[in-house]
Amino acid sequence: MARTASRPVLTSRHLRTVLWGRNTRFISQFAHLFARPPVVSEEERRRLYPLFSSTLQLTSKKADPPAPPASPQQVEALAGFLLRNGFRLPSSAAPSSSPLLTSTNERERSEEGTDKMKERKGRICIVSGAGVSTASGIPDYRSPGRPAYNPIKDQEFKSNASFRKRYWARSFLGAGRVFTAKPNLAHTVVAEMEESGIVSGIITQNVDGLHSFGGAKKVIELHGTLHSVKCIDCGHVQTRHAYQHALHTHNTHWLQHAQRGRDERGRGVAGLVRPDGDVDLDKSVVDSFSIVPCRSCSSDRMTPNFIFHGGLLDKDVKEAAKAMAAHCSAVLVLGSSLTVYSAFSLVRDAKKEGKEVAVLNIGKTRLDDTPGFSADLHIEAPIGITLQRAWMTAKEKAGDHVR
């Protein structure tokens, strides 16, 4: 997000005020830091679909093998997590003998019932990763069987023109897969849970904007967004759709060459789509690609408005995420291995404070390899349908106490 002279300073005290919802005027002033709605409407996405569909035919996506469904016991356990931490229930509505309390640790946690945790009921913080968007056709990084991922480093992107050209050529072809993706069941269930009041907000590592398109309002995009582009030198920001159109105009012949290459060989010039919206691409094809310079200062150091590997988080975003996680009742991790430290540290700190952590993710997480910080509940199953079943079960159990 570009900084402007008029932006007010955002302090930790202000963030707490927003997250606790005690000052509606202040919320309206700073809401853009949390909601971050997509920069284009669904109508505009449909209008621009032909622009992206011309590159979609040159890419491919490896189909993921279906994950086994969650067992009834796992669904019940996740519903118990939502019930204990999301609903403001009187003690009679959730007795310690409830079958939803599936472990000794969980029973002890429910019996403690400290005033501090009671105040935080209804504030489940969701930390999401690439696994949430796989059902929308966007691959993740580390699912079993996924090829090794060698990301572009932040410093090499900023300092090396050849790395920038490589990224923009690959992203020009791969972006269509992201921009034409639709929110899946996981996104819509998360949005419904937020609207009901049991979820205080979503901290996502994803740059695809699908949480917002799915209807969620309080979304912190921890690593930025693919939906805008900025100049490294002057800070000028424009929509990715506008920049994609400019790239298309400047690389018409390049794209035609790529399409001819497909016809001659019977396959696309690009390989598999990657999670950040780029694709594997041969160096010989990259060399003839043309980067569009900044329309404000003519610099060719254009970057997507997200953080490459090794880059620093935006200070305001980092503080907002810490404040949201600090004032939650529990953390629900969806589709993330928590390999990246920025997300892992938020969940680890929640565990340090004695908060319950549940994980719905296919594969291990970094918590599993951190002694003393394993998740209270870890389910390996498809995210959307599992979360929906657990949410429906929790609402049924809560009855009239649904907020």
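L338 is buried, with a relative accessible area of 0%, where buried means under 20% relative accessible area, exposed over 50% and partly exposed in between (1.4 Å probe, protein chains only). L338 also has a positive phi of about 60° although it is not a glycine. The residue sits in the loop between strand 9 and helix 17; helices (H or I, at least four residues) and strands (E, at least two) are DSSP runs, numbered from the N terminus.

A word on the model before we go on. This is a predicted model, in which local features need pLDDT of at least 70 and side-chain atom pairs count only at pLDDT 80 or more, while totals for chains, interfaces and linings use all residues. Residues are numbered from 1 along each chain as its sequence is written, and side-chain values use heavy atoms, with hydrogens and water left out.

S298 makes a nice companion to L338. Its phi is near 70°, a positive value in a residue other than glycine. S298 belongs to the loop between helix 15 (283–286) and strand 8, and S298 is exposed, with a relative accessible area of 57%.

**The parallel sheet**

Let us follow strand 9 into its sheet. Here 6 strands form an open sheet with parallel pairing, in the order 3-2-1-9-10-11; two strands pair if DSSP finds at least two bridges between them. Strand 3 (219–221) and strand 11 (377–379) are the edge strands, each pairing on one side only. On average, neighbouring strands of this sheet are turned by 15° against each other, direction ignored. For such angles, axes are lines fitted to C-alpha atoms, for helices over the stretch in contact, and angles run from 0 to 180 degrees between N-to-C directions.

Strand 1 (residues 124–128) and strand 9 (residues 330–334) are joined in the parallel sense over 5 bridges. If you want a residue pair to look at, I124 has A330 in strand 9 as its bridge partner. Helix 17 (residues 341–352) packs on this sheet, touching strand 1, strand 2 (199–204), strand 9 and strand 10 (356–360). The direction of helix 17 makes about 145° with that of strand 9. Contact here means heavy atoms within 4.5 Å.

**The antiparallel sheet**

A second open sheet has 3 strands in the order 5-4-8, with antiparallel pairing. Its edge strands are strand 5 (237–239) and strand 8 (302–306), each pairing on one side only. The twist averages 40° from one strand to the next.

Strand 4 (residues 224–231) is joined to strand 8 by 4 bridges, and the two run antiparallel; C231 stands opposite M302 in strand 8. Another 3 bridges join strand 4 to strand 5, again antiparallel, with V237 in strand 5 as the bridge partner of K230. Strand 4 and strand 5 form a hairpin with 5 residues between them, and G235 in the turn has a positive phi of about 80°. Because 7 of the 8 residues of strand 4 are buried, strand 4 is largely enclosed by the rest of the structure.

Two helices lie across this sheet. Helix 10 (residues 161–179) covers strand 4 and strand 8, running at about 45° to strand 8. Helix 13 (residues 240–250) lies across strand 4, strand 5 and strand 8, running at about 80° to strand 5.

**Helix pairs**

| Helices | Axes come within | Crossing angle |
|---|---|---|
| helix 6 (residues 72–86) and helix 18 (residues 383–398) | 8 Å | roughly 60° |
| helix 10 and helix 13 | 11 Å | roughly 125° |

The angle makes helix 6 oblique to helix 18; angles under 35 degrees count as roughly parallel, over 145 as roughly antiparallel, 65 to 115 as roughly perpendicular and the rest as oblique. Helix 6 contributes residues including P72, L82 and L83, and helix 18 residues including W391 and K397. By class, this contact of helix 6 with helix 18 has 11 nonpolar, 2 polar and 3 charged residues. In this scheme Ala, Val, Leu, Ile, Met, Phe, Trp, Tyr, Cys and Pro count as nonpolar, Asp, Glu, Lys and Arg as charged, and the others, Gly among them, as polar.

Helix 10 and helix 13 are likewise oblique to each other. Y167, W168, S171, F172, A175 and F179 in helix 10 meet R240, H241, Y243, Q244, L247 and H248 in helix 13. The residues of this contact divide into 7 nonpolar, 4 polar and 1 charged.
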